[in-house]
Amino acid sequence: MSTADPAAPPAGARPRTLLQVILYAVLAVSAVAILLPFGWMISASLKRNNEVLTSPIRWIPEDFQWHNFADIWAQIPLGTYLGNTVFLSLAITLLQVLTGSFAAYGFAKVRFRGRDTLFVAYIATIAVPWQAYMIPQYIMMQKAGLTDTFLSLILLQAFGAFGVFLMRQYYLTIPDELSEAARVDGLSEYGIWARIMLPLSKPALASLALLTFVNTWNDYMGPFIYLTSNDLWTIQLGLRSFVGQYDADYAMMMTGSVLSVLPILVIFLLGQRYFIQGIATSGMKG
């Protein structure tokens, strides 16, 4: 006859609980390590310039310089820089979502000879570093007379292999019977893509849009190479205005950085549910 205490935890419960505690502790430490630079950035944006790089670090300013967030608008044309960044980010994001989702539909749902080989070859371009073809791209844009224009950056970034890969993986989770039934009913491939695939792939579209928007917003090298006129600069180039030949206004740089991060933070908080769902679902089928 068993004499086990019915109130005792089941076998293996204690080690599992200990493992969860350790896991949560590691995640908490990792989260703090990731957020620490952001905390320093916010702290530095509220200090005087000569207080930013003091040692040891003073995390809480003695005298909060709230006027930094007003002064920066007068020191540089921040509104112009933010407007240029928003325009480029929205245009490139829209085009990448459009071209990526359309190309992915062809690779996922349309059967043609050499489809898989062409897809692998296209995705392999992700492994080619941008520095390898940076100069040929610039020469092409220069000969076309598109340097120092937004059009050069938009054309170069309107297509992305990663977006095609992400959308194709999601399309593969959608049953082929839906597209086959639509073809039987006389719907064209364009109609199937627009009326069936796109409405069913909102999480993947949100993920691709968010990743593309953030990548374009934070891009420094592209605008640095192609945009020379000050009225075309993005926020990343504009922050360089506070770096002089012998000194840098770090307080203003951190203030501008905080303002540049806020739109990304708001967009991510609004779309995080779709973003996580899209990333999780896109790898379910290969």
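**Cavity lining and nonpolar cores**

The largest cavity is lined by L88, I92, L153, Q157, T216, D219 and P223. The model described here is a predicted one. Beyond this cavity, the briefing covers two nonpolar cores, one of 23 residues and another of 21 residues.

**The cavity**

- The structure contains one cavity of 30 Å³ or more.
- The volume of the largest cavity is about 30 Å³.
- Of the residues in its lining, four are nonpolar, two are polar and one is charged.
- Two helices, α3 and α6 (150–157), each contribute at least two residues to the lining of the largest cavity.

**The largest nonpolar core**

- In soluble globular proteins, nonpolar side chains tend to be buried together.
- The largest nonpolar core comprises 23 residues, and Y105, M167 and Y171 have the most contacts inside it.
- At least two residues of this core come from each of α3 (78–109), α4 (115–123), α7 (161–171), α9 (189–200) and α10 (202–217).
- Helix α7 provides the largest share of this core, namely six residues.
- Leaving aside residues up to four places away in sequence, M167 touches G100, S101, A104, S201, A204, L205 and L208.

**A separate core**

- Another core, of 21 residues, lies apart from the largest one.
- Its members include V52, W217, M253 and L259.

Methods: Residues are numbered from 1 along each chain as its sequence is written. This is a predicted model: local features need pLDDT of at least 70, side-chain atom pairs count only at pLDDT 80 or more; totals for chains, interfaces and linings use all residues. Side-chain values use heavy atoms; hydrogens and water are left out. A nonpolar core is a set of buried Ala, Val, Leu, Ile, Met, Phe, Trp, Tyr and Cys residues joined through side-chain atoms within 4.5 Å. Buried means under 20% relative accessible area, exposed over 50%, partly exposed in between (1.4 Å probe, protein chains only). Helices (H or I, at least four residues) and strands (E, at least two) are DSSP runs, numbered from the N terminus. Contact means heavy atoms within 4.5 Å. On a 1 Å grid over the protein atoms alone, a cavity is a set of points where a 1.4 Å probe fits but cannot get out, and a pocket is an open set with protein on both sides within 12 Å along at least five of seven lines; lining residues have an atom within 4 Å of a point. Grid points are joined across faces, edges and corners, and a volume is the space filled by probe spheres set on the points. Ala, Val, Leu, Ile, Met, Phe, Trp, Tyr, Cys and Pro count as nonpolar, Asp, Glu, Lys and Arg as charged, and the others, Gly among them, as polar.
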